[in-house]
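The following exercises invite the reader to examine a protein model step by step. Each task is followed by a worked solution.

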Amino acid sequence: MKAIRRFTVRPALPERLSSLETLSGNLRWAWHLPTQELFSEISPDAWRDYQHDPVTLFGEISQQRIDELAADDDFVGRANALRDDLKRYLQEPRWYQGLEGDKPESIAYFSPEYGVAAALPQYSGGLGILAGDHLKSASDLGVPLIAVGLFYRAGYFSQSLSSDGWQQETYPVLDPDGLPLRVLRQPDSSPVVITLSLPDDRVLSARVWVAAVGRVTLLLLDTDIPENSDELSRVTDRLYGGAEEHRLRQELLLGIGGVRAIRAWAERAGVRPPEVFHTNEGHAGFLGLERIGDLIRGGLSFDEALQVVRAGTVFTTHTPVPAGIDRFSTDLVRRYFETDLLPGVAVDDILALGREPETAGGAFNMAVMGLRLGQRANGVSQLHGQVSRGMFSSLWPGFDADDVPITSITNGVHAPSWTAPELTALAEATWGSRDTVGADWTSPQLSTAALWETRNVMRAELVADARRRVARAWASQNPGGVTPSWLASILDPNILTIGFARRVPTYKRLTLMLHDTDRLKRLLTDPERPIQIVIAGKSHPADEEGKRLIQKVVEFASDPSVRERIVFLPDYDISMAQKLYPGTDIWLNNPLRPFEACGTSGMKAALNGALNLSILDGWWDEFFDGENGWAIPSAVTTDPVERDRLEANSMYELIEHQIAPLFYDRNENGEPERWLTHVRHTLATLSPQLSADRMVRQYVSELYLPAHSSQAELRFDGYRAARQLAEWKRRVAAAWSDVSIVHVESGGLDATPQVGDELRLRATVRLGSLSPDDVAVQVVYGQSKTGDEELHETRTRNLEVEQDERNGAEHDGSALEFVGSVKLRRPGGFGYSVRVVPKNNLLANAAELGLIHTAE
Ligand SMILES: *Cc1c(COP(=O)(O)O)cnc(C)c1O
């Protein structure tokens, strides 16, 4: 008989093993090697089979084994010591506690997905893994994040392949009782229930699961509860599934329900709710509306509330692909807000926040709303910041793309989660410290032999893991069949290994390597310098094109002449990734530039000593230095077929003529000394830069702390500054059309200006009803090239209002004179222009209001 419902009964561990409960109840074990080693001792096979999941592990071990462990003084002693270490970790002051000055007591972090551990599959790809790594580093650094997401009953799908290589999806149903989660409860121990009003007088209810990610609390909202109808209980059924209205409900729950969940949690925990909010991608953007509603109910106007919310909100955009941006029909959004969902907030004000500038009245755009609700915004690599400034520049009309207020903080990866235990052990054996990020890998203290030996073990681990996975996949495709013998000998632990794993949207070009299959075959089967390729990746279930790409790869990989050298591993996930990155010598990435916002898989590979072979996109554009790998040049052509041909050929050339020769160039001990020099260089120079600790520190100092002081200033004294700022913005916007630059005059240079000369400027500006304090009149200057009107590498400098009789104290709307000068500091083409922008020290950026007048 089939069960209609199943649940997990947690084992009652004896008192002597109670520390195991404490250790498994906090996900810190996911990046704490000694704790993992302890769990593994309980049952090494079960630990591996249950995807490193202690809760399931405890449910499966026999009473006899439990008794054995409880009687083992040594085991109990070590478990207790690890528990004490965890307690210390949770309480001791860390980096954040040592920061000087006023800082937030807590910071809210919102993401639609979280990849914290293989045991909690609440992620689909890069964004989720990044969010998981952000929480882990925040925990290690003591940054007081409170994180919010949704609890998807089906998590992300598992991938298998049909015998003709077509992706099959299954959605394993997760049982929260079998996961390291607890329910958020009222003091009377009934579960906290978050509610949202929906159209037609319906109500969506959600319970809140609480996970401990080290020092960080993660709240996950779950609608699968009896309070909801069947239809509404499915709102959190799965990640990125379902049609438009389903997505809208998920995002309303995440944003609005998320803020309500934080409030409930803060009340239970006895702490003040956060005032600084970080929202990842547009999906959680509705959180700003809930906070605006709250302030309006507290007596502020919409515009005043908006100032406060903006000041405390950080928005991170993660996609340079316009199709990747979340949009809803305006009518649908209107229907959801014409309810009691947000009492006091006018629907038209909400719709205006998501209105796209170029198609007014069109879709409701979540990224656009995100940028309007966040005073501070960033992209996730330098190149992506630049692309985003261009992509969203129509929100700041009149400004150059360079002035668009979107900065960048390059992503990072959490080193303790992604560094192979073998490499950590090597660091410990060499320097007596497990810190692989800070170690000097170039030092002769580390012998070539030891480094090579470790790299070989890591590659062999991947080969063993790949063989296990392929055999398992074959067995489930061919139930009862006899496993063909060649399956046991796929891949070779001594061959140059290229890894390639990713989600499969078109821009990632999964099949670029198949451009010239004959040439690829020759590379794979070269008698002296063969290569092998390990490929993995999931296609979005609705993406037929992506599935066809996977099928093409699988088809090629089944050719008997190459099938031992190129394999597709089904079901790419965290546990596979943790073997894959360390086991590869080369990490390949060939997206279409500039569509890879950052890309983190190559970073994870580099942390393990793999060299990157990549298009100069995302993080690689910033970090490729000629020693840490190879850059595939992006073709300059508009013909996509020609471009793929050129880029594929460059890739083959690099592999054949540079990479393989370097890898197979051995010294008398059989070690590739020159190759290892590059490995050492990569480990030593990239590890600190690519670490999520660096990223989180940057978020704290460049965005969270400034957001904290901005919002505190606006709140001070009954929101006095917020009221003033809203009024000032209204006044400046209304008066702006009367502002104009009448005339610009220059002087101070003779016919042949030289470096060191001073350019003097005088601008005549009409301000209408505004005063000189309301505006900045600026000279913008930089390099100018012949035949190009644009200025490059620009700087700005304020001109000062001239205090003479003509200006007087009482100005009357007639023109004012602004003067200043610029010193010429470099030879070559020089150009300048003059502009007027609003000025107020509560603005984070001159472009913030989107108002500008430029000299004609
Ligand atoms: C790192 C990682 C990703 C994201 O990789 P990108 O290079 O950023 O696309 C996706 N899935 C898993 C399992 C990962 O570990």
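**Exercise 1. Contacts and overall form**

Among contacts in the protein between residues at least 6 apart in sequence, what percentage join residues at least 24 apart? Then describe the overall form of the protein.

Solution. The model under study is predicted. Step one concerns the contacts: of those between residues at least 6 apart in sequence, 71% link residues at least 24 apart. Step two is a count of elements, which gives 26 helices and 29 strands. Step three turns to compactness. The radius of gyration is 29 Å, close to the 29 Å that the globule rule gives for 856 residues, so the protein is as compact as a globular protein of that length. Along the principal axes, the C-alpha trace spans about 95 × 70 × 50 Å.

**Exercise 2. Burial and surface**

Determine what share of the residues is buried, and describe the accessible surface.

Solution. A residue counts as buried when its relative accessible area is under 20%. By this criterion, 54% of the 856 residues are buried. The accessible surface of the protein comes to about 35,700 Å², and carbon and sulfur atoms contribute 48% of that area.

**Exercise 3. A six-stranded sheet**

In what order do the six strands of the open sheet stand, and which of them are at the edges?

Solution. The order is β19-β18-β17-β20-β21-β22, with parallel pairing. The edge positions belong to β19 (566-569) and β22; each has a single partner strand, so one side of each is left without a neighbour in the sheet. From one strand to the next, the twist averages 20°.

Two pairings can now be examined. Strand β17 (residues 496-501) and strand β20 (residues 586-589) run parallel and are joined by two bridges. Here isoleucine 498 stands opposite isoleucine 586 in β20. Strand β21 (residues 611-615) and strand β22 (residues 629-632) also run parallel, and four bridges join them. Asparagine 612 has glycine 629 in β22 as its bridge partner. Between β21 and β22 the chain passes through helix α23 (residues 618-623), and this β-α-β crossover is right-handed.

**Exercise 4. Helices on the sheet**

Which strands does helix α25 lie across? Describe also how helix α19 packs on the sheet.

Solution. Helix α25 (residues 673-690) lies across β17, β20, β21 and β22, and runs at about 80° to β21. In the sheet order β19-β18-β17-β20-β21-β22, helix α19 (residues 517-525) touches β18 (531-536) and β19. The direction of helix α19 makes about 115° with that of β18.

Key. Residues are numbered from 1 along each chain as its sequence is written. This is a predicted model: local features need pLDDT of at least 70, side-chain atom pairs count only at pLDDT 80 or more; totals for chains, interfaces and linings use all residues. Side-chain values use heavy atoms; hydrogens and water are left out. Two strands pair if DSSP finds at least two bridges between them. A crossover is right-handed if, with the strands pointing away from the viewer, the path from the first strand over the helix to the second runs clockwise. Axes are lines fitted to C-alpha atoms, for helices over the stretch in contact, and angles run from 0 to 180 degrees between N-to-C directions. Contact means heavy atoms within 4.5 Å. The radius of gyration is taken over C-alpha atoms; the globule rule is 2.2 Å times the number of residues to the power 0.38. Buried means under 20% relative accessible area, exposed over 50%, partly exposed in between (1.4 Å probe, protein chains only). Accessible areas come from the Shrake-Rupley method with a 1.4 Å probe; for residues, only the protein chains shown count as cover.
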